[in-house]
Amino acid sequence: SAAEPAPAEPSKAENEKLVVGFAQIGQESGWRDAETADLQWYAAQNIDTIDFKFADAQQKQENQIKAIKSFIDMGVDVIGLAPVVETGWDAVLTEAKEAGIPVIFLDRSAAVADDLYATFIGADFELEGRTACDEMATLLGAEGGKVVELVGTVGATAAIGRQKGFTDQLANHPEIEVIDSQSGDFTRAKGKEVMESFLKTYGAEIKGVYAHNDDMMLGAIEAIKEAGFKPGQDIKTVSIDGVKAIFEAMAAGEANVNVECNPLLGEYFFTTAAKLKAGEAVDHRIVVPAEVHRAETAAEDLPNRKW
Ligand code: AHR
């Protein structure tokens, strides 16, 4: 009858949305905050088609495992994981596989059988390390010198690859010697602490610092200044990521070179997840390209930096 209300336009059923759970590591660095923000921004832009479930593991693998288990219980379409360390994932990824939920490793990888994950989207860490070594060699010139290394989180693929790449490339630069390597856990506070202890032990012998990320380097720069040396001059710096603060340091002459690692992975991640939901094939390895930036152009680069 005329009194009967017209049926509402059917809204997109929840289960038609792409439901994705992401187990993030935590908030250890500016780079990771930028990655999280980009994922959340992309999901918000696509709220009609994407249901994004985000878990912050506060640096703990056990929390990442709990998050994955809860995503499995919810029956999400795809699980994303940034593995804090490379080992210890077999059991939970086997559960995901048995539940028929594809897993994307985002930004870091894990040491598991190929059939336990669909793809790894992220940078080539060894290439970053080799590039960093070549840049350090250019900074130190023919004389070379002693270098200290601030390593990322022990057991993280980003730290393992960046260390291996740099170490391998030393074969081409015998004038450089890495005199000490210690973990600063990818954080500014620990980077500073470790650099303080390097400076106490080696003092003016140190000619260069290689840091696996910018946050540790920013801490190291503070330590270098407090010890009475000039970062970027007395002690050359090469770090990885490309956060704004390192560009500011480069523009101020307190840092030398940055090997970029792109955290803006939202589009890569969700488009890959959509393909997996649709049953399409995806490459087992998706390499995110990056560039090198040097102090000379930092002031010019700064206004264009996106993270
Ligand atoms: O896995 C990528 C690394 O993790 C970034 O270089 C670092 O800053 C982050 O914490």
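This section describes the overall build, the sheets, strand β9 and the ligand shell of a predicted model.

The protein has 307 residues, and 49% of them are buried. Its secondary structure amounts to 10 helices and 12 strands. Along the principal axes, the C-alpha atoms fill a box of roughly 90 × 40 × 30 Å. The UniProt record, an unreviewed entry, places the feature "domain: Periplasmic binding protein" at residues 21-279. Over residues 21-279, helix accounts for 45% of the chain and strand for 21%. The end C-alpha atoms of this stretch lie 18 Å apart.

One open sheet contains 6 strands in the order β2-β1-β3-β4-β5-β11. The pairing in this sheet is parallel. Strands β2 (50-56) and β11 (285-287) stand at the edges. Each has a single partner strand, so one side of each is left without a neighbour in the sheet. On average, neighbouring strands of the sheet are turned by 20 degrees against each other, direction ignored. Within the sheet order, β4 is followed by β5. Strand β4 covers residues 103-106, and strand β5 covers residues 119-122. The two run parallel and are joined by 3 bridges. Here Phe105 stands opposite Phe120 in β5.

Helix α4 spans residues 125-140 and includes Glu126. Glu126 has 18 C-beta neighbours inside 10 Å and therefore counts as partly exposed. Between Glu126 and Lys164 the sequence separation is 38 residues. In space, their C-alpha atoms are 6.2 Å apart.

Strand β9 comprises residues 236-241, and 6 of its 6 residues are buried. In a regular strand, side chains alternate between the two faces of the sheet. Both faces of β9 are covered. Lys236, Val238 and Ile240 are buried on one side. Thr237, Ser239 and Asp241 are buried on the other. The buried residues of β9 thus include the charged side chains of Lys236 and Asp241.

Strand β9 pairs with β8 and with β10. Strand β8 (residues 206-211) runs parallel to β9 and is joined to it by 4 bridges. Strand β10 (residues 257-260) also runs parallel to β9, again with 4 bridges. Ser239 is a shared point of reference for these two pairings. Ala211 stands opposite Ser239 in β9, and Ser239 stands opposite Asn258 in β10.

Helices connect these strands in sequence. Strand β8, helix α7 (residues 214-226) and β9 make a right-handed β-α-β unit. Strand β9, helix α8 (residues 244-251) and β10 make another right-handed β-α-β unit. Strand β9 takes part in both units.

The ligand shell draws on residues from several parts of the chain. From the N-terminal side come Glu28, Ser29, Trp31 and Arg32. Asp107, Arg108, Ala158 and Phe186 also belong to the shell. Asn213, Ile240, Asp241 and Cys261 complete the list. Helix α1 (30-45) and strand β9 each supply at least two of the shell residues. By class, the shell has 5 nonpolar, 2 polar and 5 charged residues. Ile240 and Asp241 are both around the ligand. These two residues are buried on opposite sides of β9.

Methods: Residues are numbered from 1 along each chain as its sequence is written. This is a predicted model: local features need pLDDT of at least 70, side-chain atom pairs count only at pLDDT 80 or more; totals for chains, interfaces and linings use all residues. A residue is buried if 20 or more other C-beta atoms lie within 10 Å of its own, exposed if 12 or fewer, and partly exposed in between; C-beta atoms are placed from the backbone. Two strands pair if DSSP finds at least two bridges between them. A crossover is right-handed if, with the strands pointing away from the viewer, the path from the first strand over the helix to the second runs clockwise. A residue is near a molecule or strand if its C-beta atom, placed from the backbone, lies within 6 Å of it. UniProt positions are given in the numbering used here, feature names are shortened, and annotations may be inferred rather than shown by experiment. Axes are lines fitted to C-alpha atoms, for helices over the stretch in contact, and angles run from 0 to 180 degrees between N-to-C directions.
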